[in-house]
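Colleague: Before I trust the labels people put on a structure, I would like to see how each label is earned. Could we go through some of them together, one by one?

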Amino acid sequence: MRDLKPWLDLIFKRPGRLVVGGFLMLATLLSGIGLLAVSGWFITETALVGLLLAAGLAATINLYVPGGAIRLFAVSRTVFRYIERVYNHDTVLRLLTDIRVALFRGLSRAGRIRRGELSGAQWLSRLTSDVDALDTLYLRLIAPTALAGLVTILVVVLAAVLFDIGTALLVGLLLVIALVIATAGVYLVTRRLAARQSDRQEELRTAVIEHIEGFSELTAAGRTGKHAAWLMRTAHQVTSEQVKADTRVGWHLAGSHLFVNLSAVLALWSGFALFQSDSVSGPVLVLLPIALLGLAEVYAMLPDAFGKLGATVACAKRLNRDCHEDKQPAPPIGSELPPKTALLAENVAVKYDGYTPLFTRFNLVIGEGERIGILGHSGSGKSSLANVFAGLSPLSQGSLRRQDCAYLTQETVLFEDTLRANLLLGSPEASDTELWSILEQMELAGRFATEPDQLDTWLGSAGSRLSGGEARRVALARVLLNPAPLVILDEPFTGLDAKTRARVSKQMEAILAGKTVVSLAHGSEALPGTDRVIYLGG
Amino acid sequence: MAKPRANRGGESVSATDQRAIKEWLAHLARGSRFWIRATLAAGIVAGVATIIQMILLARIIHLGVIEEAPVAGLLPFFLGLILALAVRALGQGFQARFAARCSEQVRRQARRQLHKHWQATGPVELGQSSAGTLAREWIDHVEALHGYFARFLPQMTLSMIVPVLILALVFWLDWLAGTFLLLSAPLIPLFMALVGMGAEKLNQQHFETISRLSGQFLDKVRGLTTLQLFGQTAGAAELIRKRSDHYRRITMKMLRVAFLSSAVLEFFASVAIAVIAIYIGFGLLGYITYGPSEDLTLFSGLLILLLAPEFFQPLRTLSQHYHDRAAALGAGNEILARLDSPVSRESSSEMASVEGAEDRIELRSVNKSFQPDQWVLRNLTLTIQKGEVIALTGPSGGGKSTLLHLLAGFMAPDAGEIHLFGQAPGSFRFGWLGQKGFLVQGTWADNLRLTTPDASDIAIETALRNVGLGSLLDSRQQGIYSPVSEEGQGLSGGQARRLSLARIFLADYHLILLDEPTAGLDSDSEVFVLEALHKLAVAGKTLIFSTHHQALLALANRVLLVSSGEVRDA
């Protein structure tokens, strides 16, 4: 439960909205209970007066107050319900924003190595569903629980005022039992099942993906049936755990409902004793049990939410883990560099746990203004080296010092945003003229000048409206705009045909004048101009 | 603005598709008829127990207040009331239990259908879709059916039955009050349509907004490293806030309208209760001189009042579950699209008219095309002797892979016959090595026993050493019982392919088909693969592989050139 704390804190940063939302829910509920209770009171009163009138006795009844109350409650229930739904959905969307922004900040502070492991599509979709679980925490869990507690107290007080303390305490006892069954009870019996669900499902997903990737081999070996049967069994296990949890929630809902109803029966029973001793009138006798029956509505919201609480806590735990800040010190940059040196790697080793080191005792001095090319075939650790230079990967040994750098990663990363926003990431203050000039040099100006939105052209999902080569050149332009004195380019020309590559490479010379450039590629034809080339073996 | 992301559950589905999806859902429901009926029965028991509970409550109050019966005399009624409450709770509990069982069975059935389709489709066609997509269909889309079968479907029927029972009882008690109820819900189907339309629109719009929002958010998370490299994370966080806020305002505008439809239901329910309460009150006072109100008693009046909310409750519950229906329709749409996709591979057992010789592979007048008038293989007749090592070479797209797929039985020829050692393709076990190696999470032994379950530890280790994975194995502490990938680091492409090759070594197949076994391999892996293939060839296996690799061509004792529909010896 401790895992929920940071997220609860975030939710409670909007106390005003939460209280107003809670009040609206309360008003809706009380209107509903009031409508039925006053109606019950009214009918009993009129029945009694009716009998007197029929017997020819004089009797009076105030029709205006109960009649007015009934009409008022009928309207207020509808109005409050509508306002409550609109208002609380607004709150949920606001909380969603808060949670996303907080999560994003948390992730951006978290260690890069962790995120390297967790960046696939699967992780992203899990992240989405984890956030979704948290943003309904208020509306599904916190508000209904608070509401149920509050209304229970109100009804018990009402019982004490209308009936007597003894009845009130007994009714209170039954309601507390109902409340515990609907909340803590459900949570305790479903906690483990619910917390496991998501992990189980991810394991299953991995197994299914493996099954499909190995489908040819399994088919050839005549094993698809057997392997599929195993998959079905695993899936069935996941489902049957869910069925178990659902069934438990169902029984708790029924149980809590039973105790609410029993409290109404109890109120009626002890009410009769008071009625016969003339301590309460007939109409009042009817009012309390009916009000108690109305409580079932708010209690009914709880078991389902508490049945999911175990899963929600697991979501919070995962998100907290993803946001966990690394203790890894940032690689030292800049200051202590010897003069005229842009990058200095001394005795550097890069090693992943459980594997032979990629590099050991790697030494490199790059002077200011030098053009270094690093060549190596795929798998030679080229990109790992670039990541180390840029400070994205930790060193397992040695030291690395360098000037500020701009880094073009091997993967082209563009955002779902305008061309301008994508370029400005490299240099937030750049003017439109500068942007057009760099586009011109990347041979992209013509491409975007014909677009109706020019610099505000929207680059769709993951830059999908651009061809691979165009996207690469936009990413390259962004790095070239950056004023950092050291530029690291990992496979800068991916997706560019030979002619374009040659022209772009030539244009880059002017832009990069005076800067230090480290370019990495699989072959010399994919490198821009270099003074010196290093070959990576292995 | 960004375009809505990939089609997810809840987005609009055309009318004809909807009908097909509903038919499919109904078909699934028929398979779990027993549990659906049990769910309904439990729901009806709970509903009837509720009615009895209200009757007893009204009776007790009437007897106690009007007839002033002694408390002791009411005891049997109280006991009956508690019994009714217990039955109601049991009914509710069993309803949840049976509903969960029903949905469990439906999901299993849907998964089985999908897998059967995968098998019928065959590995080649299946490879057209990403494994992630297929897994999403098999897991998430099938899960989306849960709410529909566990909640919506039973509630749909219950919301017809229970209100009708209540209405009948109220009519019997007082037809005017019954008329009020009926008028407030003019026609239940109309009401439901109203609720449905609102809920559907709401759900659809909500879904779109949510997926757009998460799209924006995920886009930034995906590019977090880039943002960090440029020191722009703070700006991006602000942008997420602004965009989310923008979407929130749009959504709220829509929700204000969409919520009106459920407010209408709420309004009718409240007004009906108020009208009935006031009518009964005035009737009991004797102010109403027409109609059935003269016969009203506290019992009948109170009972009608208590039943009125129960009359509307099933409809309200149904409207809460409406999103389950939309989710199931959305998911059903994608599952059906998969199930309706053409199956290219005919059942290979049907072609098993055994007549070829047992010592050779024979292809007779085989034709295969993927587009009309473009033959990938035309009128191909070919004989391969047992134990031969055949290299298929030729331009890419020339039909090498197609020929391998036909021999493997992964697809069927358009015309002609294929016999492998007197048997139909795919009717016996053989070795296949695709361009991507395949491994499962688990130990080395798990991975090799996947295709040869009864292999001994020694055989497994030998097979792994045969493909040059011995040194990797030695570096792991538990030998073949250590996990293949540790610390989240997988094998390289070459190592994975060698692992697949080790499976072939272990299984001792007569026929081994390999698609470009050395393409894209680093030089280490290449050497090991070549060596391994050589060992297999020496062992007398029939090897057929496609390749451009010189060393592999040299390994073959026959090289076939596959080009523009023809196959000839090179």
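Modeller: What follows is a conversation about a predicted model, in which each label is set against the rule behind it.

Colleague: Let us begin where the chains meet: what makes residues of chain A and chain B count as being in contact?

Modeller: Two residues are in contact if their C-beta atoms lie within 7 Å, and by that rule 109 residues of chain A are in contact with 107 residues of chain B. Several helices of chain A give two or more residues to this side, among them α2 (15–54), α3 (64–109) and α7 (165–213) of chain A, while the largest share, 27 residues, comes from α9(A). Sorted by kind, the residues on the side of chain A that touches chain B divide into 55 nonpolar, 35 polar and 19 charged.

Colleague: Turning to chain B, how do you know what span to expect for helix α11 of chain B?

Modeller: The expected span is 1.5 Å times one less than the number of residues, and for the 18 residues of α11 (322–339) of chain B this gives 26 Å. The helix reaches 25 Å from its first C-alpha to its last, which is close to that expectation. In helix α5 (145–173) of chain B, which has 29 residues, the reach is 41 Å, close to the 42 Å expected.

Colleague: Where in α5(B) does a kink lie?

Modeller: A kink of about 30° lies at B:Phe152, shortly before the proline B:Pro154. The bend is the angle between an axis fitted to the seven residues ending at that place and another fitted to the seven starting there.

Colleague: Why is α11(B) called largely enclosed?

Modeller: A residue is buried if 20 or more other C-beta atoms lie within 10 Å of its own. Since 14 of the 18 residues of α11(B) are buried, the helix is largely enclosed by the rest of the structure. Over chain B as a whole, 49% of the 570 residues count as buried.

Colleague: Is B:Glu516 buried or exposed, and what makes it so?

Modeller: The cut-off for buried is 20 C-beta neighbours within 10 Å, and B:Glu516 has 21 inside that distance, so B:Glu516 counts as buried. This residue is found in the loop between β6 (511–515) and α17 (523–538) of chain B. Leaving aside its neighbours within four places in sequence, B:Glu516 is in contact with B:Gln435, B:Ser546 and B:Thr547.

Colleague: Now the strands: how do you know that β1 and β2 of chain B pair?

Modeller: Two strands pair if at least two bridges are found between them, and 8 bridges join β1 (360–371) of chain B to β2(B), the two running antiparallel. Among the partners, B:Ile361 is bridged to B:Ile384, and B:Lys368 stands opposite B:Leu377. The two strands form a hairpin with 2 residues between them, and B:Asp373 in the turn has a positive phi of about 65°.

Colleague: What makes β2 and β4 of chain B edge strands?

Modeller: They belong to an open sheet of 3 strands in the order β2-β1-β4 (chain B), with antiparallel pairing. β2 (374–385) and β4 (415–420) of chain B each have a single partner strand, so one side of each is left without a neighbour in the sheet. Neighbouring strands of this sheet are turned by 25° against each other on average, direction ignored.

Colleague: And which strands stand at the edges of the sheet β2-β1-β4 in chain A?

Modeller: That open sheet has 3 strands and antiparallel pairing, and its edge strands are β2 (359–367) and β4 (397–402) of chain A, each pairing on one side only. The twist averages 10° from one strand to the next. Helix α12 (382–390) of chain A packs on the sheet, touching β1, β2 and β4 of chain A.

Colleague: Lastly, why is β3 of chain B called largely enclosed?

Modeller: Here 5 of the 5 residues of β3 (389–393) of chain B are buried, so the strand is largely enclosed by the rest of the structure. Both faces are covered, with B:Val389, B:Ala391 and B:Thr393 on one side and B:Ile390 and B:Leu392 on the other. β3(B) also pairs in the parallel sense with β7 (542–546) of chain B over 4 bridges, and 4 bridges join β3(B) to β8 (558–563) of chain B, again running parallel.

Terms used. Residues are numbered from 1 along each chain as its sequence is written. Chains are lettered from A and ligands numbered from 1 in the order in which they are written. This is a predicted model: local features need pLDDT of at least 70, side-chain atom pairs count only at pLDDT 80 or more; totals for chains, interfaces and linings use all residues. Ala, Val, Leu, Ile, Met, Phe, Trp, Tyr, Cys and Pro count as nonpolar, Asp, Glu, Lys and Arg as charged, and the others, Gly among them, as polar. A residue is buried if 20 or more other C-beta atoms lie within 10 Å of its own, exposed if 12 or fewer, and partly exposed in between; C-beta atoms are placed from the backbone. Axes are lines fitted to C-alpha atoms, for helices over the stretch in contact, and angles run from 0 to 180 degrees between N-to-C directions.
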